[in-house]
Amino acid sequence: MRKYKGSRSTKSPSRKRNLGEKKVNLNSLGKAKRLEFLNEWGPHMKEHDPIRYYCMIGRPLPKKYQAKPKVQITPVNAYVPPQSKLSKEELDAKLKKEAEERKAKEEKAFKQQQEKMKEQQRLEYNRRIAQKQNRLVHWCDANRSGNWKSIHSEEFENKYGPKKNKSYY
């Protein structure tokens, strides 16, 4: 196909777009709409909704619009514990009684722990004894022949019999 006056010709099929037409730039359209909206409603938004206004113009929110952390002041605890109302002798007696109760509780817990340890040791001992006995006792089948040696054989006497000093010369 023959080109008409180069590739810039209006009749040239090699060009993807027609001359004179502009490709639409959506970013610039969006920016224009945003600026138009801000010109009309900007002062009102800045006064009533500053967070959205500064978000639309793309700037950080100024400090005067940021929420300040509120420190809550709680009242001082006016409760007076009953032990501070006691006299020195009463307080000493109460502390001594609490110490005795604590000591009795610790002794009871210690005794329970000792009993528990003794029980565990007893169970462990029984388990070891049973395991030792199970090693020595085996099931046998009377219908099968085992690897038996006659007690009258020379091999049995040499292996299990009394040791005799044999002198050949």
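**Close-up views of a four-helix predicted chain**

**View 1. The whole chain, with four helices and zero strands**. In this predicted model, the chain holds four helices and zero strands, where helices (H or I, at least four residues) and strands (E, at least two) are DSSP runs numbered from the N terminus, and the order along the sequence is α-α-α-α. Local features are described only at a pLDDT of at least 70 and side-chain atom pairs only at pLDDT 80 or more, whereas totals for chains, interfaces and linings use all residues. Residues are numbered from 1 along each chain as its sequence is written, and side-chain values use heavy atoms, with hydrogens and water left out. Of the 169 residues, 5% count as buried, a class that means under 20% relative accessible area, with exposed being over 50% and partly exposed in between (1.4 Å probe, protein chains only). The accessible surface comes to about 18000 Å², of which 54% belongs to carbon and sulfur atoms; such areas come from the Shrake-Rupley method with a 1.4 Å probe, and for residues only the protein chains shown count as cover. Among contacts (heavy atoms within 4.5 Å) with a separation of 6 or more, residues 24 or more positions apart account for 0%.

**View 2. Confidence along the chain**. The pLDDT, which is the predictor's confidence in each residue on a scale from 0 to 100, averages 81 for the chain, and 79% of the residues score at least 70. Confidence is highest in helix H3 (residues 88-136), at a mean of 94, and lowest in helix H4 (residues 154-160), at 77. Where pLDDT is low, the predicted coordinates should not be read in detail.

**View 3. Helix H1, its kink and its buried residues**. A kink of about 70° lies at Trp41, shortly before the proline Pro43, the bend at a residue being the angle between axes fitted to the seven residues ending there and the seven starting there. The buried residues of H1 are Leu38, Gly42 and Met45, and these buried residues pack against helix H2 (50-57).

**View 4. A nonpolar surface patch formed by Val24, Leu26 and Leu29**. Together these three residues present about 330 Å² of accessible area. Patches are made of residues with over 30% relative accessible area and no salt bridge, with like charges joined within 9 Å and nonpolar side chains (Val, Leu, Ile, Met, Phe, Trp, Tyr) within 5 Å. Val24 is found in the segment before helix H1 (26-48), and Val24 is exposed, with a relative accessible area of 61%.

**View 5. The salt bridge between Asp49 and Arg52**. A salt bridge is a side-chain nitrogen of Lys or Arg within 4 Å of a carboxyl oxygen of Asp or Glu, and by this rule the count comes to four. The side chains of Asp49 and Arg52 meet at 3.6 Å, N to O; Asp49 is partly exposed at 27% relative accessible area, while Arg52 is exposed at 53%.

**View 6. A network of salt bridges linking Glu124, Arg127 and Arg128**. The closest N and O atoms of Arg127 and Glu124 are 2.6 Å apart, and both residues lie in helix H3, three residues apart, about one turn of the helix. Glu124 also forms a salt bridge with Arg128, at 3.8 Å between the closest N and O atoms; because Glu124 and Arg128 are four residues apart in helix H3, they are separated by about one helical turn. Glu124 is partly exposed, at 32% relative accessible area, as are Arg127, at 44%, and Arg128, at 45%.
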